[in-house]
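Hi,

Here is the structure I said I'd pass on. Have a look, and my notes on what turned up are underneath.

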Amino acid sequence: MAYSKEDLSNAMEECGTGASMGATARKYGIPRSTLHDHISGKHKQVGKGGPTVLTSSEEREIALTCMTLGGMGFGLTRNLVEIVLVEYIKEQQIPNPFRSGIPGRDWWERFLRRWPCLSERKPQHLSKKRAEASHPDIINGWFDRVEELARSVSLDLSDPESAHRLWKCDETGLCTAAGSKTLLVKRGSRQVSEVSSGSDHEYITIHCAGCASGEPLPPFILYKGKNMYRRWMEGGPAGALYGISESGWMDPANFLSWFLKLFLPAVSHLTETGPVLLFFDGHYSHISLELIRAARQSNVHLLCLPPNTTYILQPLDVGFFSPLKTNWRKILKLYRLQTKGQKATKETFPSLVSQLWESVKPEHCKGGFRGAGLFPLSRQHILTKLPPSATLAEAEQASSESGQSRQQAKHVTCDSCGHEMPATPLIKTRLTSYFTGVLQIQKERPEKGKRNNMKIRLEGETVTSDEF
């Protein structure tokens, strides 16, 4: 039966005035036994289900703390929350109701149902450099540059007619062998193996480009090697470009060749009547004097993304590469099934990429520009999803510069970053110390060149840990 807390409260009030318990239970759709237990005091919590280990206010503090730490880039795992909960009920001398002494899966699932504001998500690991580069000032400066350039060339970045003049490019690596995440085997199997043709797989660079209107360019396939062979190009996508480099990755000469042989011919009909904007990261492998000169002469404006921000500002990283690689894994699995476990080679790679390019949809390009806030232009779309660690330095600085006293009765302040959290025994005893410890580990890391990494040279000798 579906009923709300308000229904239960109203039913209890009516029964308190002398109304029939059975009739009231039927009126509000509440089981008679449930209503009886609440009226008799067996259940002190007004709501469905049995009594919880913590009170509603204490659970609220757990939920709030999970959201606070998760919002700062230090999210709590289920295991940590359970450990903190056990220590808390021990300190507060609450009888431990758990059969094995720690909360099980059932408690965790009920806790998440009671607090739908929480959800388990796979985190995106963020390096310190990326966190610092994602500062709002840097993001605002980037969008200021884009808006200024658009005004100078009379380009409206919210007009659908301008979408075909906005382009982005970037490269990624496609592995020639892809393993399966899960396999169907006999239940109870301890060791599950997957036969392949060997471990000598490699990554082949593929350079991609597309515009905000959803049109992708043919790919630029870049092999590792010193010589190019015809069989490495047979069966590839129509209009594709092929190249080689010693490392297998992009370099200035290959990028310039792609710009002159593939990109400019594709946009020549646009540059004759107006400007074209090309977004790409400013890695050294993309920049050359010849490139800048050719772009200037062709009415193409180059915009380099701020360093370490491509994961949120590069349209291809945001919405294009993910579905591309998902489809690539499907193609490889089908190929391996058809060839009895063989991995892709440079000879078969072009034909597989041709299948891959047939799966590229205009929505992938459009979604990338929309996700990066470039078309339609929306800096707020990016600012609202900045990684929380970007605000960590601000909080730390504000804590050190501010001489104002905080209300300790209502909040407890983290000594490391100055972030305020509700001052409940749960926060004071465990979570604040955990959060402080995480930050102190990062702060106290020795500077480069000052680590105590003593090296010893052994010539035919052994050494114990005590001797070391």
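Arg231 is partly exposed, with a relative accessible area of 42%. Its side chain forms a salt bridge with Glu347, and the closest N and O atoms are 3.0 Å apart. Arg231 sits in the loop between strand 3 (220-224) and strand 4 (241-245) and Glu347 in the loop between helix 13 (321-338) and helix 14, so the pair ties together parts that are 116 residues apart in sequence. Glu347 is partly exposed as well, at 35% relative accessible area. Before you build anything on this, keep in mind that the model is predicted.

Some overall numbers, then. The protein has 468 residues, and 41% of them count as buried. There are 18 helices and 8 strands. Among contacts with a separation of 6 or more, 66% come from residues 24 or more positions apart. The accessible surface is about 27,600 Å², with 50% of that belonging to carbon and sulfur atoms.

Back to the charges. How many salt bridges does the count come to? The count comes to 8. Another one of them joins Arg379 and Glu147, at 3.1 Å from N to O. Arg379 is in helix 16 while Glu147 is in helix 8 (residues 136-152), so this pair ties together parts that are 232 residues apart in sequence. Glu147 has a relative accessible area of 26%, which means it is partly exposed.

There is also a bridge inside a helix: the side chains of Glu109 and Arg105 meet at 3.3 Å, N to O. The two are 4 residues apart in helix 6, so about one helical turn separates them. Relative accessibility is 34% for Glu109, so that residue counts as partly exposed, and Arg105, at 39%, counts as partly exposed too. Both belong to a network of salt bridges that also takes in Glu120.

Now the one I'd look at on screen: Lys168, in strand 1 (residues 166-175). Which side chain of opposite charge is nearest to this buried lysine? That is Asp317, but Asp317 is 9.5 Å away, and Lys168 has no salt bridge. If you leave out residues up to four places away in sequence, the residues Lys168 touches include Cys208, Cys211, Leu278, Phe279, Gln314, Leu316, Cys365 and Phe369.

For contrast, there is a positive patch on the surface, formed by Arg329, Lys330, Lys333 and Lys361. Lys361 is in the loop between helix 14 (349-358) and helix 15 (362-371). With 49% relative accessibility, Lys361 counts as partly exposed, because the exposed class only begins over 50%.

Last, some backbone details you may want to check:

- Phe375 and Pro376 are joined by a cis peptide bond, with omega at about -5 degrees. Pro376 is in the loop between helix 15 and helix 16 (379-383).
- Gln93 is not a glycine, yet its phi is positive, at about 55 degrees. Gln93 is in the loop between helix 5 (78-91) and helix 6 (105-114), and counts as exposed at 72% relative accessibility.
- Asn299, another residue other than glycine, also has a positive phi, near 65 degrees. Its place is the loop between helix 10 (289-297) and strand 6 (300-305). At 28% relative accessibility, Asn299 counts as partly exposed.

Over to you, and shout if anything is unclear.

Cheers

Methods. Residues are numbered from 1 along each chain as its sequence is written. This is a predicted model: local features need pLDDT of at least 70, side-chain atom pairs count only at pLDDT 80 or more; totals for chains, interfaces and linings use all residues. Side-chain values use heavy atoms; hydrogens and water are left out. Buried means under 20% relative accessible area, exposed over 50%, partly exposed in between (1.4 Å probe, protein chains only). Lys and Arg count as positive and Asp and Glu as negative; His and the chain ends are not counted. A salt bridge is a side-chain nitrogen of Lys or Arg within 4 Å of a carboxyl oxygen of Asp or Glu. Contact means heavy atoms within 4.5 Å. Patches are made of residues with over 30% relative accessible area and no salt bridge: like charges are joined within 9 Å, nonpolar side chains (Val, Leu, Ile, Met, Phe, Trp, Tyr) within 5 Å. Accessible areas come from the Shrake-Rupley method with a 1.4 Å probe; for residues, only the protein chains shown count as cover. The place of a charge is taken as NZ of Lys, CZ of Arg, CG of Asp or CD of Glu.
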